[in-house]
Amino acid sequence: MASTRPPFGDVALALFARDFDDPAVLDGVIVLDEQEPPDAVAEPAPPPITAALLDESCAAARADGLRQGRAEAAAARDAERDAMTASLLAGLSLADANLRDAVEVAGMRLAGLVLATLDAGFPTLCARHGAAEVARFTRDVVALLGQEPRIVIRIHPGLQLMLEGVLAELEPDQRATILVEPRDAIPPGDARIAWRHGLASRDIGALRTRLAEVLAPLGLAPGPPGLVAAAPVTAYSFSTD
């Protein structure tokens with residue numbers, strides 16, 4: 001009959017039956033040698049501090065500090081330059097705006113001075129050019145009317161002799177159709193020419209009113225009536241029935 005005792009049963013019983021604290025018990029017992037841990041790798045010893053090593057470390061530190069200082073100085077210069085550039089541009093922009101305002105004000109004052117000068121010289125302009133302009137106006141309108149059977153010309157009494165000389169240049173038949181009516185209410189330099197179905201007038205006052213309407217939005221305004229007597233050609237107006 002086969003044995004049911006487990007393998008190594010006797011050895012196990014013998015082991016567990018002994019007192020391992022007794023040195024004698026260890027006799028004949030197989031003890032496996034434990035591997036001792038390997039010795040730790042020894043760290044290399046730091047190099048000795050020498051004067052040469054100190055000089056090298058100081059030189060490297062100075063070089064690093066110099067590089068950092070130069071970088072900070074360059075950044076500060078760039079920031080200062082940018083600030084100065086921005087300030088200069090702002091100053092130029094302000095100067096440009098001030099110059100534009102000064103030019104505009106000077107232009108307005110110059111325009112006002114010119115208008116005031118023309119206004120002050122208006123009586124002289126009327127005395128010097130009024131008669132000649134009325135003569136030209138009369139010639140132009142009468143030539144356009146041609147064979148109109150009846151024409152009435154109203155002017156200031158001071159221009160009557162001058163106008164008679166102008167009408168004397170016409171053909172007798174045409175001259176006979178023209179009637180001259182002096183009116184004190186008509187300013188020197190103005191004239192009214194009427195016919196059956198229309199009216200032509202040279203009115204400096206009306207022209208000045210239109211000029212004032214144009215100049216008013218610009219802050220300018222002509223002086224008293226008659227300011228534009230120097231430009232009489234544009235003072236003509238025509239109307240027909």
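Aspartate 190 touches Val134, Ile155, Arg202, Asp203 and Ile204, leaving aside residues up to four places away in sequence. You will find aspartate 190 in the loop between strand 2 and strand 3, in what is a predicted model. Is this aspartate buried or exposed? With a relative accessible area of 3%, aspartate 190 is buried, since the cut-off for that word is under 20%. One of its contacts is worth a second look: the C-alpha atoms of aspartate 190 and isoleucine 155 are separated by 6.6 Å, although the two residues are 35 apart along the chain.

From here, step into strand 3. Strand 3 is largely enclosed by the rest of the structure, because 4 of its 5 residues are buried. Let us take its partners in turn. Strand 1 runs antiparallel to strand 3, and 4 bridges join the two. Within this pairing, arginine 154 has arginine 192 of strand 3 as its bridge partner. Strand 4, residues 198-202, also pairs with strand 3 in the antiparallel sense, this time over 5 bridges. Here alanine 191 stands opposite arginine 202 in strand 4, and arginine 202 is also among the residues that aspartate 190 touches. Strand 3 and strand 4 together form a hairpin, with 2 residues between them.

Now move to strand 2, where glutamate 181 lies. Which residues does glutamate 181 touch, not counting those up to four places away in sequence? They are Val152, Ile153, Arg154 and Ile155. Glutamate 181 counts as buried, at 19% relative accessibility, a value to read against the cut-off of under 20%. If you trace the chain back 24 residues from glutamate 181 you reach proline 157, and the C-alpha atoms of these two are separated by 8.4 Å.

With the strands in view, look at what is packed among the elements. The largest nonpolar core has 17 residues, and those with the most contacts inside it are Val141, Ile153, Ile155 and Ile193. Two or more residues of this core come from each of helix 3 (122-145), strand 1 (151-155), helix 4 (160-167), strand 2 (178-182) and strand 3 (191-195). Which element gives the most? That is helix 3, with 5 residues.

Helix 3 also holds a charged residue to look for, glutamate 133. Glutamate 133 is buried, with a relative accessible area of 13%. Its side chain is joined to that of arginine 136 by a polar contact of 2.4 Å.

Helix 4 is a good place to see how buried residues are arranged. Leu163, Val166 and Leu167 are buried in this helix. Where do they sit around the axis? They cover an arc of only 95°, so they lie on the same side of helix 4.

A word on confidence will help you decide where to look harder. The protein chain averages a pLDDT of 75, and 67% of the residues score at least 70. Confidence is highest in strand 1, at 94, and lowest in helix 1 (residues 9-16), at a mean of 51. Over residues 224-234, pLDDT stays under 50, and for this stretch the model has 31 contacts beyond four places in sequence.

Conventions: Residues numbered from 1 in each chain as written. Predicted model: local features only at pLDDT ≥ 70, side-chain atom pairs only at ≥ 80, totals over all residues. Heavy atoms only, no water. Core = buried A, V, L, I, M, F, W, Y, C linked by side-chain atoms within 4.5 Å. Buried < 20%, exposed > 50% of the residue type's maximum accessible area, 1.4 Å probe, protein only. Polar contact = N/O pair within 3.5 Å; in protein donor to acceptor, adjacent residues only side chain to side chain. Arc of directions from axis to C-beta. pLDDT = per-residue confidence, 0-100. Contact = heavy atoms within 4.5 Å. Pairing = 2+ DSSP bridges.
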